[in-house]
Amino acid sequence: MIKRFLAIIALLGAAAVLLPFVLNLPTEEALPELASKYIENAPGELGAANLVTSIIVTYRGLDTLGEVAVLFAATAAVGLLLKRTGNEVGVSHWKSSEILKSGGGFLFPLIILYGVYIFLHGHLTPGGGFQGGVVIATGFLLLLLSGSVDSFNHTVMSLVESLSGFAYVAVALAGLIWAAGFLDPRFLPQGDFGRLFSAGAIPVIYSLIGLKVGAELLGILDAMRCKVRREGVTA
Amino acid sequence: MIIQIIVSVGALLVLIGLWGLLTRRNLIKMIIGFSIMDTGTHLIIVGLGYREGATAPILDSSITPGTHFVDPIPSALVLTAIVIGLAVTALMLAYAVRLYSSRGSALIEDFKENAL
Amino acid sequence: MNIFIVIILGVLMLAAAGTALYMKSLSAAVIAAGAVSLLASVLYLLLAAPDVAMTEAAIGSALTTVVFLYALSRMRGTKKEDPRD
């Protein structure tokens, strides 16, 4: 009873904190100064059509680098906590049907293609490395759920993850050497506005982020799932 | 008007999530409450960047010089926050799985100090 | 017109959030929490933030639900063994 009372008090406190947000909303139509600066300058400076991508990859690029590092730390912690001890391996009694397996195998390359499309066009259309990486991870998840594969090659996964992370920092340092600063994508030619090969190194950086995020999320999924050994017993 | 509704819904989601975090006894339910709080804060941040009648901050041939855009900065912040949210949720779930395998229970009162 | 859609989505979200916390079955609660994220992604689309909408739909409602269900299956599997084992 006293617990519930304390919870209600905490809730009222949180409501008191949130109430000013609801009551004093910005009413002016104009955007804040920083946002209008970005909107004015980003297309000319970087040549990317998607302003959100310009902000994530370039203006706030250091935040994104830190964010990817946090994601890596969380993935490593999940893998450490759920380390396989050997005695939790159960035996699954169901076997996936042929239709499920071939359907999954048929859809898998299309999903991967879609994910690659999303992160390659991150500077032109909505989407980018994070979304594309997640789509790729779900493609591998489909293989796992349909029973086409039982486990992934951890060497390849960690190789993709660490190489793309390394290349991300290398591209950022290239910006430091040949352009204005760390993570500056303008050391590559800007190209025509709105084409695939444009906006300097933004598509390169976002593709590397996509590969890294995809490998990390797949690592989380792989660590979380029940380790089962399939037997040839049909349900 | 839309901003008011969105921010109120986001604030209510935060409160619902906090209530779940404080009163539910099952670890999974508490983590669900946490992820609802997450969604609520993201909704508040994106809602604060919205402007009536503005379009998405993506330039293409249909954009004329007088077009208004929504604020792209909250979008960029929330985009990374969602990915971090998944990683944090997975970390919490991993701890919950470990606690369950050590104690055979997912109820929070089984993890009191004197129950050790 | 838009306002009605936003209000309906908001009410649905709050209802789904309440359902997620007060559902007896844990897997149903996880699905309800995924529904909150899915409705949120529609709201982001109406708020002219398509990037966020894509991320929320892919991560919030798909991957988070899968991670929750994996955790649930692990928390069930260790205690009660499959009777056929």
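**Exercise 1. Is F108(A) buried or exposed, and with which ring does F108(A) form an aromatic pair?**

Solution. The model is a predicted one, and every value used in these exercises is computed from it.

Step 1. The relative accessibility of F108(A) is 19%, and the cut-off for buried is under 20%, so F108(A) counts as buried.

Step 2. The partner of F108(A) is F140(A), and the two rings meet edge-to-face, with 5.1 Å from centre to centre and 70 degrees between the planes. The angle satisfies the rule, because planes over 60 degrees apart count as edge-to-face.

Step 3. F140(A) has a relative accessible area of 24%, and is therefore partly exposed.

Step 4. Since F108(A) belongs to helix 5 (residues 98-120) of chain A and F140(A) to helix 6 (residues 129-145) of chain A, the pair ties together parts that are 32 residues apart in sequence.

**Exercise 2. Count the aromatic pairs over all chains, then describe the one formed by Y38(A) and Y59(A).**

Solution.

Step 1. Over all chains, the count of aromatic pairs comes to 3.

Step 2. For Y38(A) and Y59(A), the ring centres are 4.5 Å apart and the planes stand at 15 degrees, so this pair is stacked.

Step 3. Y38(A) sits in helix 2 (residues 33-46) of chain A, while Y59(A) sits in helix 3 (residues 51-59) of chain A, so the pair links parts that are 21 residues apart in sequence.

Step 4. Y38(A) has a relative accessible area of 11% and is buried, whereas Y59(A), with a relative accessible area of 25%, is partly exposed.

**Exercise 3. Describe the contact between chain B and chain A, beginning with how many residues of chain B are in contact with chain A.**

Solution.

Step 1. On the side of chain B there are 39 residues in contact, and they meet 47 residues of chain A.

Step 2. Between chain B and chain A an area of about 3,800 Å² is buried, and 83% of this area comes from carbon and sulfur atoms. Within the part that chain B buries against chain A, W19(B), R51(B) and L59(B) supply 15%, more than any other three residues.

Step 3. The interface of chain B and chain A has 0 salt bridges by the rule, and 1 residue pair is in polar contact, with both residues at pLDDT 80 or more.

Step 4. Helix 1 (2-23), helix 2 (27-48) and helix 3 (72-103) of chain B are the elements that give two or more residues to the side touching chain A. The largest share, 17 residues, comes from helix 3 of chain B.

Step 5. Sorted by kind, the residues on this side of chain B are 29 nonpolar, 5 polar and 5 charged.

**Exercise 4. Describe the contact between chain C and chain B, and state which helix of chain C gives the most residues to it.**

Solution.

Step 1. The contact takes 42 residues from chain C and 46 residues from chain B.

Step 2. The area buried between chain C and chain B is about 3,800 Å², with carbon and sulfur atoms giving 83% of it. In chain C, the residues that lose the most area to chain B are L21(C), L47(C) and M75(C), which together make up 21% of what that side buries.

Step 3. Salt bridges between chain C and chain B number 0, while 6 residue pairs are in polar contact, both residues being at pLDDT 80 or more.

Step 4. At least two residues each come from helix 1 (2-22), helix 2 (26-46) and helix 3 (50-77) of chain C, and helix 3 of chain C gives the most, with 14 residues.

Step 5. The side of chain C that touches chain B divides into 31 nonpolar, 7 polar and 4 charged residues.

How values were computed
Residues are numbered from 1 along each chain as its sequence is written. Chains are lettered from A and ligands numbered from 1 in the order in which they are written. This is a predicted model: local features need pLDDT of at least 70, side-chain atom pairs count only at pLDDT 80 or more; totals for chains, interfaces and linings use all residues. Side-chain values use heavy atoms; hydrogens and water are left out. Contact means heavy atoms within 4.5 Å. Buried area is the accessible area (1.4 Å probe) that two parts lose on being put together, summed over both. A salt bridge is a side-chain nitrogen of Lys or Arg within 4 Å of a carboxyl oxygen of Asp or Glu. A polar contact is a pair of N or O atoms within 3.5 Å; within protein, one must be able to donate a hydrogen and the other to accept it, and residues adjacent in sequence count only if both atoms are side-chain atoms. Helices (H or I, at least four residues) and strands (E, at least two) are DSSP runs, numbered from the N terminus. Ala, Val, Leu, Ile, Met, Phe, Trp, Tyr, Cys and Pro count as nonpolar, Asp, Glu, Lys and Arg as charged, and the others, Gly among them, as polar. Rings of Phe, Tyr and Trp (its six-membered ring) pair if their centres lie within 6.5 Å; planes under 30 degrees apart count as stacked, over 60 as edge-to-face and the rest as tilted. Buried means under 20% relative accessible area, exposed over 50%, partly exposed in between (1.4 Å probe, protein chains only).
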